[in-house]
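Reader: I am new to reading protein structures, and I would like to understand the reasoning behind the words that are used for them. Could we go through this one together?

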Amino acid sequence: MGAIALTKETFHNHIQSGVTLVDFWAPWCGPCKIQLPIVEELADELKGQATLAKVNVDEEAELASQFGIRSIPTLLLFKDGKLADTLVGISRKHTLKEKIVNLVSE
């Protein structure tokens, strides 16, 4: 199934409980084309443990500005609705997985 596409209407419901990683991206962004498949893979691997989602900054500019997204890809990691970590630029799969699994087990 992969990562869930979020909008300003669905965003807060998805980050309220548990661990959620949100990838802020855009179709024209080169580095995003490297990051997004990693996020999609992790979504399948961590199914049931964490939610992985994506936000297209072109379509959801309001959300991007709400979280101060200045460059993409930017990944935000939430635990029970609270921002736990921010990663800017391309993050490796094992780094992301480790951060998510550590947050889940806290």
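Reader: Before anything else, what makes β3 a strand that is enclosed by the rest of the structure?

Author: Please keep in mind that this is a predicted model. A residue is called buried when its relative accessible area is under 20%, and five of the six residues of β3 meet that condition, so the strand is largely enclosed by the rest of the structure. As for its place in the sheet, the order of the five strands is β1-β3-β2-β4-β5, and β3 is joined to β1 by two bridges and to β2 by six.

Reader: How do you know that β1 and β3 pair?

Author: Pairing requires at least two bridges between the strands, and two bridges join β1 to β3, which covers residues 51-56. I4 has A53 as its bridge partner in β3, while A5 stands opposite K54. The two strands run parallel.

Reader: Why are β1 and β5 called edge strands?

Author: The sheet is an open one with mixed pairing, and each of these two strands, β1 at 4-5 and β5 at 82-88, pairs on one side only.

Reader: What makes the pairing of the sheet mixed?

Author: The pairs can be taken one at a time. β2 and β3 run parallel and are joined by six bridges, with W25 standing opposite N56 in β3. β2 and β4, in contrast, pair in the antiparallel sense over six bridges, and here D23 stands opposite L75 in β4. β4 and β5 also run antiparallel, again with six bridges between them, and one of the partnerships is that of F78 with L83 in β5. With both parallel and antiparallel pairs present, the sheet is described as mixed.

Reader: Which elements make the right-handed β-α-β unit?

Author: That unit is made by β2, then helix α2, which holds residues 30-45, and then β3. The name right-handed applies because, when the strands point away from the viewer, the path from the first strand over the helix to the second runs clockwise.

Reader: What makes you say that β4 is mostly covered?

Author: The limit for a buried residue is again under 20% relative accessible area, and in β4 six of its six residues fall in that class. T74, L76 and F78 point one way, whereas L75, L77 and K79 point the other way, and all of them are buried. This fits a general pattern, in which the side chains of a regular strand alternate between the two faces of the sheet.

Reader: Which helix lies across β4, and at about what angle?

Author: Helix α4, made of residues 93-105, lies across β2, β3, β4 and β5, and it runs at about 15 degrees to β4. K99 is found in this helix, and, leaving aside its neighbours within four places in sequence, K99 is in contact with L77, D85 and L87.

Reader: Is K99 then buried or exposed, or something in between?

Author: Its relative accessible area is 29%, and the partly exposed class lies between the limits of 20% and 50%, so K99 is called partly exposed.

Reader: Where is D80, and what is its phi?

Author: D80 is in the loop between β4 and β5, two strands that form a hairpin with two residues between them. Its phi is near 50 degrees, a positive value in a residue other than glycine. Most residues other than glycine have a negative phi, and most peptide bonds are trans. With a relative accessible area of 41%, D80 is partly exposed.

Reader: Which peptide bond is cis?

Author: The bond from I72 to P73 is cis, with omega near 0 degrees. P73 is found in the loop between α3 and β4.

Reader: How do you know that the protein chain is as compact as a globular protein of its length?

Author: The chain has four helices and five strands. Its radius of gyration is 12 Å, and the globule rule gives 13 Å for 106 residues; the two values are close, so the chain is as compact as a globular protein of that length. Buried residues make up 44% of the 106 residues. Among contacts with a separation of 6 or more, 71% are between residues 24 or more positions apart.

Methods:
Residues numbered from 1 in each chain as written. Predicted model: local features only at pLDDT ≥ 70, side-chain atom pairs only at ≥ 80, totals over all residues. Heavy atoms only, no water. Contact = heavy atoms within 4.5 Å. Axes fitted to C-alpha atoms, helices over the stretch in contact; angles between N-to-C directions. Buried < 20%, exposed > 50% of the residue type's maximum accessible area, 1.4 Å probe, protein only. Rg over C-alpha atoms; globule rule 2.2 N^0.38 Å.
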